[in-house]
Amino acid sequence: MNREEGIKRVYGGPHLVILGAGASIASALRDPEVNGKPLPSMNNLIEIVGFAELVEGISGDNGSSNFELVYSKRHELDPGSASLRQMEEKIEAYFNSLRLPPTPTIYDYLVLSLRRKDLIATFNWDPFLYDACHRHHDFTDLPRIAYLHGNVRIGYCAEDHTKGLNGTNCSKCDLPFIPTRLLYPVLQKDYTSDPFLRSEWNAFSKFLKHAKLVTIFGYGAPDSDVEAVDIMSKAWGSPNERNLDQIEVIDIVSEDEIRNRWDRFIHTHHYDYTDNYFQSRLAMFPRRTFEAYMHQFLPASIEEAFQEPNPIPTEFDTLGQLREWFTALIEAETTSEFEDK
Ligand SMILES: [Zn+2]
């Protein structure tokens with residue numbers, strides 16, 4: 001099946017993409033944040049956000065500079081500590097100040113490479129995903145989003161269960177959205193008592209249960225988040241029951257480590273690994289990731305089994321040029337009999 005035929009073959013099937021800090025770091029390394037601000041990981045967050053003075057003298061963390069260890073230790077000693085609130089304020093202000101550059105970033109590629117039938121679940125506090133969706137939402141239907149740890153751009157209306165940009169109003173009751181609480185790294189995470197987080201996790205778990213194709217991009221499944229991996233594992237079930245489902249991992253750590261980390265999810269050889277977004281299914285078969293997966297594993301014909309990739313060029317000067325590249329794909333979707341749900 002050649003590239004042209006691949007563009008025209010449109011049907012459905014959910015693709016779930018899970019994002020961690022590594023995705024935002026990869027995006028900012030390739031296309032720097034508009035003011036050149038770095039994207040922190042847990043290992044350098046204290047230094048980058050700049051609150052070393054607040055963490056001095058925390059006993060029991062063995063002088064660690066890992067934010068997860070430092071925060072959870074302080075929280076264990078005194079959950080009401082003023083220094084915790086000060087750290088949180090600094091973190092929220094830092095992430096809130098981040099802006100995508102005006103040129104195409106990995107986040108722009110990502111949101112345009114999926115469809116409304118797909119879901120991106122993110123653990124990230126930074127605004128890149130929201131901002132990328134925001135600048136393309138007039139152009140085409142975009143994937144749905146679940147913010148698993150809250151997000152600096154997102155507010156919530158608990159009355160109507162709606163979410164939207166902080167500073168705007170709920171479309172149902174017209175009251176301002178309440179900013180979502182960022183979920184910090186404490187040992188006992190609580191994914192159920194906050195109504196916003198509960199609804200995001202419900203949507204995510206439901207999706208994971210039925211997903212045939214899952215991409216995990218830059219998410220390290222940290223030790224401090226055992227609970228998240230447990231919830232995911234429960235929704236996914238045993239790898240033996242998922243022997244036709246495929247997991248793809250985009251990460252800079254070694255393949256051995258990845259195989260180990262996701263052992264509870266991966267069935268024998270049913271996984272792909274790459275350290276580069278542009279080698280992933282998302283970049284090789286944009287907006288046709290599910291179709292390409294079906295053709296690879298359950299081809300209806302010999303032609304289907306050999307599908308030519310439709311790799312997206314890695315360089316575009318403007319967002320307009322990037323969007324232009326997608327028009328043939330989007331046109332084929334609007335004229336196809338299949339309707340995205
Ligand atoms: Zn409302």
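Here are a few questions and answers about a predicted model, built around one strand and one phenylalanine.

Q: Why does F204 count as buried?
A: A residue is called buried if 20 or more other C-beta atoms lie within 10 Å of its own. F204 has 24 C-beta neighbours inside 10 Å, so F204 counts as buried.

Q: Where does F204 lie, and which residues is F204 in contact with, leaving aside its neighbours within four places in sequence?
A: F204 lies in helix α9, residues 195-210. With those sequence neighbours set aside, F204 is in contact with A121, A146 and L148. Contact here asks for C-beta atoms within 7 Å.

Q: Which way do the residues of strand β2 point, and are they buried or exposed?
A: Strand β2 covers residues 119-122; L119 and A121 point one way, I120 and T122 point the other way, and all are buried. In a regular strand, side chains alternate between the two faces of the sheet.

Q: What makes β1 and β2 a pair?
A: Two strands pair if there are at least two bridges between them. Four bridges join β1 (residues 15-19) to β2, so these strands pair, and they run parallel. One bridge partner is A121 in β2, which matches I18.

Q: How do you know that β2 also pairs with β3?
A: Four bridges join β2 to β3 (residues 144-147), and at least two are needed, so they pair. These strands run parallel. The bridge partner of L119 in β3 is R144. From β2 the chain crosses through helix α8 (residues 128-136) to β3, and this β-α-β crossover is right-handed.

Key
Residues numbered from 1 in each chain as written. Predicted model: local features only at pLDDT ≥ 70, side-chain atom pairs only at ≥ 80, totals over all residues. Buried ≥ 20, exposed ≤ 12 C-beta atoms within 10 Å, placed from the backbone. Right-handed = clockwise from strand over helix to strand, strands pointing away. Contact = placed C-beta atoms within 7 Å.
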